[in-house]
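Thanks for coming, everyone. I'd like to walk you through one structure this morning. Please have a look at it first.

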Amino acid sequence: MNDTEPPEPLDDDMQARLSAVERVLGPILRPGSDALRTGTDALRNVNDRVVTPAWNRVTGIESRVQVMSAIAVAIALTALLPARVANHPRWLLPGLAAILFVIVLLVNPTKSPERAKQLRPLTFSLLAVMSIGNAASAARLIIDLVNGEGLTTAGPLLLTGGAIWVTNMIIFAVWYWEFDRGGPGARAMMTKQYPDFVFPQMTDATNADPEWEPHFVDYLYLSFTNATAFSPTDVMPYARWAKVTMMAQSAVSLIVVVLVVARAVNILGN
């Protein structure tokens, strides 16, 4: 139909339907009507209740108290390892980790996300020192277990394997916490839209507090379940680096647990 031609007249049935709609909506749409104000207020109330979850918007920086407490436990466990599997000189790696720990603690950012981003190199240095030390201890323990040497009683063997396992879990938890969406500072400033780890609260907003966002305890739980189940549980890795890191953690955990338990059972059997 040409745009200049008048529209075709509506049939009686269509005209009747439009009139009925007009009678129903007319009072509501009329400017100044109570019905219009009521409907507008209702829409505003609904909009107020639809809140963007905290993990997906700009928030305050997370405190490092939980992280530093976990790192302190890991450093203590490393320092208490038996001489057979400990790094030598014994004070070197725990000492370096302790120094970096104090430095990180002194410049602990509790308000500024920018300060948290500046602190990452120190945290990475601390994690690197702890990772190297724990990996070396785990390697010595595994070599002793394979050769049937080293610790000859089940109790100290299980305690040593448990200390290395717990330290490994804490280290990987901090790595996850530091790398997910660019770290705590970047997460607070919402500089990266898509998460590397997807927690249950991110997929089921109806059962999650709008103020929820992942903190270190959530990453510690992720590391624990990955080290015990040797696979993801309810937290899914989306980024490739997250998948590779979780795979490496599961492999280390599996080797340590299987060899330590097998050796302890063998000792008890004899």
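Of the 270 residues in this protein, 38% are buried. Keep in mind that this is a predicted model. The accessible surface comes to about 15400 Å². Carbon and sulfur atoms own 65% of that surface.

Now the layout. We have ten helices and two strands. Reading from the N terminus, the order is α-α-α-α-α-α-α-β-α-α-β-α. How far apart in sequence are the contacting residues? Take the contacts with a separation of 6 or more: 74% of them join residues 24 or more positions apart.

Next, the inside. The largest nonpolar core holds 40 residues. Which residues have the most contacts inside this core? They are I71, M130, V174 and F197. Several elements each give at least two residues to the core: α3, α4, α5, α6, β1, α9 and α10. The largest share comes from α6, with ten residues. A separate core of 15 residues lies apart from this one, and L145, V256, A264 and I267 are among its members.

Let me stay with F197 for a moment. Leave out residues up to four places away in sequence, and F197 still touches a long list. That list includes Y176 and D180, then M202, Y219 and L222. Further along the chain, F197 also touches V235, M236 and P237, as well as W241, A242 and M246.

On to a helix, α3. This one runs from 65 to 79 and has 15 residues. From first C-alpha to last, α3 reaches 21 Å, close to the 21 Å expected at 1.5 Å a residue. Which of its residues are buried? The buried ones are V67, M68, A70, I71, A74, I75 and T78. Looking down the axis of α3, these buried residues fall within an arc of 160°, so they line one face of the helix. Here is the background: an α-helix has 3.6 residues a turn, so residues three or four places apart point the same way. And I71, from that buried set, is one of the residues with the most contacts inside the largest core.

Now charges. As a reminder, side chains of opposite charge can pair when their charged atoms come close. How many salt bridges are there in this model? The count is five. I'll take three of them.

The first on my list is R57 with E211, at 2.8 Å from N to O. R57 sits in the loop between α2 and α3, while E211 sits in the loop between α8 and α9. They are 154 residues apart. R57 counts as partly exposed, at 23% relative accessibility.

Then R84 with D144. Their closest N and O atoms are 2.8 Å apart. R84 is in the loop between α3 and α4 and D144 is in helix α5, so the pair ties together parts 60 residues apart in sequence. Buried or exposed? D144 is buried, with a relative accessible area of 7%. R84 is partly exposed, at 44%. There is a third partner here: R84, D144 and E149 are linked in a network of salt bridges.

Last, R120 with E178. Here the closest N and O atoms are 3.2 Å apart. R120 belongs to helix α5 and E178 to helix α6, 58 residues apart. Both R120 and E178 are buried.

That's my tour. Over to you for discussion.

Conventions: Residues are numbered from 1 along each chain as its sequence is written. This is a predicted model: local features need pLDDT of at least 70, side-chain atom pairs count only at pLDDT 80 or more; totals for chains, interfaces and linings use all residues. Side-chain values use heavy atoms; hydrogens and water are left out. A nonpolar core is a set of buried Ala, Val, Leu, Ile, Met, Phe, Trp, Tyr and Cys residues joined through side-chain atoms within 4.5 Å. Buried means under 20% relative accessible area, exposed over 50%, partly exposed in between (1.4 Å probe, protein chains only). Helices (H or I, at least four residues) and strands (E, at least two) are DSSP runs, numbered from the N terminus. Contact means heavy atoms within 4.5 Å. The expected span of a helix is 1.5 Å times one less than its number of residues. The arc is that of the directions from the helix axis to the C-beta atoms. Accessible areas come from the Shrake-Rupley method with a 1.4 Å probe; for residues, only the protein chains shown count as cover. A salt bridge is a side-chain nitrogen of Lys or Arg within 4 Å of a carboxyl oxygen of Asp or Glu.
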